Amino acid sequence: MSDHEILERAKAGDQRAFSLLFERYQPAVYRYCLTFGGVNRDTAKDILQESFLRAFRNLHQLKEGQKILAWLLTITRNRCLSYLSKE
């Protein structure tokens, strides 16, 4: 199934479709967290979960033609920056 098909199903409320997005992009988002700097493995896992939760809540904000991974990494970057500013 293509990202576009999965995304459309997820936007329609299909949680299984969003789980597929998570499975597909979780490794890349986790690696991004680890390489961001100042984030350990446990914190990276927390940020990963927060990022996907925010993504799920804001699927409607993903613009037509926008790359899913780029969008997820933007959310993740913001979560990392928020974490580091609190530290």
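## Notebook: pocket, cavity and a few side chains

I began with the largest pocket, and helix H1 (residues 3–11) gives the largest share of its lining, 5 residues. A reminder to myself: this is a predicted model, so everything below is read from computed coordinates.

**Entry 1, the pocket.** I looked up the volume, and the largest pocket holds about 160 Å³ of space. Next I listed its lining: Asp3, His4, Leu7, Glu8 and Lys11, then Leu62, Lys63, Glu64, Gly65, Gln66, Lys67 and Ile68. What is the make-up of that lining in nonpolar, polar and charged residues? I get 3 nonpolar, 3 polar and 6 charged.

**Entry 2, the cavity.** How many cavities of 30 Å³ or more does a search of the whole structure find? The search gives 1. I noted about 30 Å³ of space in the largest cavity. Its lining is made by Phe18, Leu21, Phe52, Leu59, Ile68, Trp71 and Leu72. Helix H2 (15–36) and H4 are the elements that give two or more residues to this lining. Of the elements, H4 gives the most, with 3 residues. I then sorted the lining by type and found 7 nonpolar, no polar and no charged residues. Ile68 caught my eye, since I had already written it down for the lining of the largest pocket, and here it is again in the lining of the largest cavity.

**Entry 3, the aromatics.** I turned to the rings and found 4 aromatic pairs in the structure. I picked Phe22 and Phe52 for a check of geometry: their ring centres are 4.7 Å apart and their planes stand at 75°, so I logged the pair as edge-to-face. This pair links distant parts of the chain, with Phe22 in helix H2 and Phe52 in helix H3, 30 residues apart. Are the two partners buried or exposed? Phe22 has 30% relative accessibility and counts as partly exposed, whereas Phe52 has 4% and counts as buried. I also wrote down one aromatic cluster, formed by Phe18, Phe22, Phe52 and Phe56. Two of these names were familiar from the previous entry, as Phe18 and Phe52 are among the residues that line the largest cavity.

**Entry 4, Ser51.** I went one place back along the chain to Ser51, in helix H3 (residues 41–57). Its relative accessibility is 1%, so I put Ser51 down as buried. What does the side chain of Ser51 make a polar contact with? The partner is the side chain of Thr76, at 3.3 Å. Leaving aside neighbours within four places in sequence, I find Ser51 in contact with Ile75, Thr76 and Arg79.

**Entry 5, Thr35.** For another hydroxyl side chain I looked up Thr35, which is placed in helix H2. Thr35 has 65% relative accessibility and therefore counts as exposed. I traced its side chain to the backbone oxygen of Tyr32, which it reaches at 3.2 Å.

**Entry 6, His60.** Last on my list was His60, found in the loop between H3 and helix H4 (68–86). With a relative accessible area of 60%, His60 is exposed; the cut-off I used for exposed is over 50%. I also checked how far His60 lies from Ala12: they are 48 residues apart in sequence, and their C-alpha atoms are 9.7 Å apart in space.

Notes:
Residues are numbered from 1 along each chain as its sequence is written. This is a predicted model: local features need pLDDT of at least 70, side-chain atom pairs count only at pLDDT 80 or more; totals for chains, interfaces and linings use all residues. Side-chain values use heavy atoms; hydrogens and water are left out. On a 1 Å grid over the protein atoms alone, a cavity is a set of points where a 1.4 Å probe fits but cannot get out, and a pocket is an open set with protein on both sides within 12 Å along at least five of seven lines; lining residues have an atom within 4 Å of a point. Grid points are joined across faces, edges and corners, and a volume is the space filled by probe spheres set on the points. Ala, Val, Leu, Ile, Met, Phe, Trp, Tyr, Cys and Pro count as nonpolar, Asp, Glu, Lys and Arg as charged, and the others, Gly among them, as polar. Buried means under 20% relative accessible area, exposed over 50%, partly exposed in between (1.4 Å probe, protein chains only). A polar contact is a pair of N or O atoms within 3.5 Å; within protein, one must be able to donate a hydrogen and the other to accept it, and residues adjacent in sequence count only if both atoms are side-chain atoms. Contact means heavy atoms within 4.5 Å. Rings of Phe, Tyr and Trp (its six-membered ring) pair if their centres lie within 6.5 Å; planes under 30 degrees apart count as stacked, over 60 as edge-to-face and the rest as tilted.
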